[in-house]
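Grab your viewer and work through these exercises with the model open. Try each task before you read the solution.

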Amino acid sequence: MNRINTLRAALVALLPLAAIALASPAPAQSPSGSPAPAASPTPAPAPSATPVPPPAETKSPADSPAAAQTPAPAPAAPVQTADPFGEPFTLEPKKVVMLKGTANWDSAFDALIEAFKQLTTLLDKDGVKASGNPMIVYTSTDDTGFTFIAEIPVDQDVKNLGKNMSMGNSPDGKALKFVHRGSYDNMDNTYEAITNHLDDKKLEAKDTFIEEYITDPLKTAEDKLVINVYVPLK
């Protein structure tokens, strides 16, 4: 019981006693000059105060049976945050095994998948594990096709490199990070949104951009791809 309820209970307990005291008759006074009547040999017992039961302890709503039986509310669902779009990002250089290639836009995704397969086969043959997500670095583009470098991060040098393969470092420096979800064919919509974002912010990008495949492109359905797009800034 808190201090406020304790004070209130004490006041309630004193009220019956005060009422009894006020109701008791005052002694009668004799008329002037007349002797007072003799006192009774046995004085009348004083009226006893009716015992007041102690105040019941005040229970908080949480102590009531109804409150005890009330189920606890279910926890709120976590808030889903949107993917970053145009988030400033600093690319750190990584050791990579790389494969240079060219492709037409009509068969772009097939060409990228083939490049990743060749690099993965090489790593499996040499017993080297990848230390990061596979990447595509676009080095030039035109209306018909593009040149690219497929890269897979590793912690050690890889031997027995095949044609157009080499060891090197991934791009580094300041960039903007965007996220694409869905098929490679829908990347055009993402890049259009990226272009609009750069125009709105009056930012100038370098003549290259990087795709980091968060989901394994060799095992993930194309419409379930998650790709981070990094746009290096001048």
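**Exercise 1. Find how strand S4 pairs with strands S2 and S3.**

Step 1: Strand S2 (residues 95-104) runs antiparallel to S4, with 9 bridges between the two. Strands here are DSSP runs of E with at least two residues, helices are runs of H or I with at least four, and both are numbered from the N terminus. Two strands count as paired if DSSP finds at least two bridges between them.

Step 2: Now take strand S3 (residues 135-141), which also pairs with S4 in the antiparallel sense, over 6 bridges. S3 and S4 make a hairpin, with 3 residues between them.

Step 3: Pick out Ile 149 in S4. It is the bridge partner of Lys 100, and Val 137 has Ile 149 as its bridge partner too.

A word on ground rules: this is a predicted model, where local features need pLDDT of at least 70 and side-chain atom pairs count only at pLDDT 80 or more, while totals for chains, interfaces and linings use all residues. Residues are numbered from 1 along each chain as its sequence is written, and side-chain values use heavy atoms, with hydrogens and water left out.

**Exercise 2. Place S4 in the whole sheet, then add the helix.**

Step 1: Write down the strand order. It goes S1-S6-S8-S7-S3-S4-S2-S5, an open sheet of 8 strands with antiparallel pairing.

Step 2: Look for the edges. Strand S1 (85-91) and strand S5 (165-169) each pair on one side only.

Step 3: Check the twist. On average, neighbouring strands of this sheet are turned by 35° against each other, direction ignored.

Step 4: Add helix H3 (residues 108-126), which packs on the sheet and touches S2, S3, S4, S5 and S7. The direction of H3 makes about 30° with that of S4. Touching means heavy atoms within 4.5 Å; axes are lines fitted to C-alpha atoms, for helices over the stretch in contact, with angles from 0 to 180 degrees between N-to-C directions.

**Exercise 3. Is Gly 145 buried or exposed, and what does it touch?**

Step 1: Locate Gly 145 in strand S4 (residues 145-153).

Step 2: Gly 145 counts as buried because its relative accessibility is 6%. The cut-offs are under 20% relative accessible area for buried, over 50% for exposed and partly exposed in between (1.4 Å probe, protein chains only). Of the 9 residues in S4, 8 are buried.

Step 3: Leaving out residues up to four places away in sequence, Gly 145 touches Ala 103, Asn 104 and Trp 105. Asn 104 is 41 residues from Gly 145 in sequence, yet their C-alpha atoms are 4.0 Å apart.

**Exercise 4. Which side chain of opposite charge is nearest to Glu 212?**

Step 1: Find Glu 212 in strand S7 (residues 209-213).

Step 2: The nearest one is Lys 94, 4.7 Å away, and the buried Glu 212 has no salt bridge. A salt bridge needs a side-chain nitrogen of Lys or Arg within 4 Å of a carboxyl oxygen of Asp or Glu.

Step 3: List some contacts, again skipping residues up to four places away in sequence: those of Glu 212 include Asn 133, Met 135, Val 226 and Tyr 230.

How values were computed: Lys and Arg count as positive and Asp and Glu as negative; His and the chain ends are not counted.
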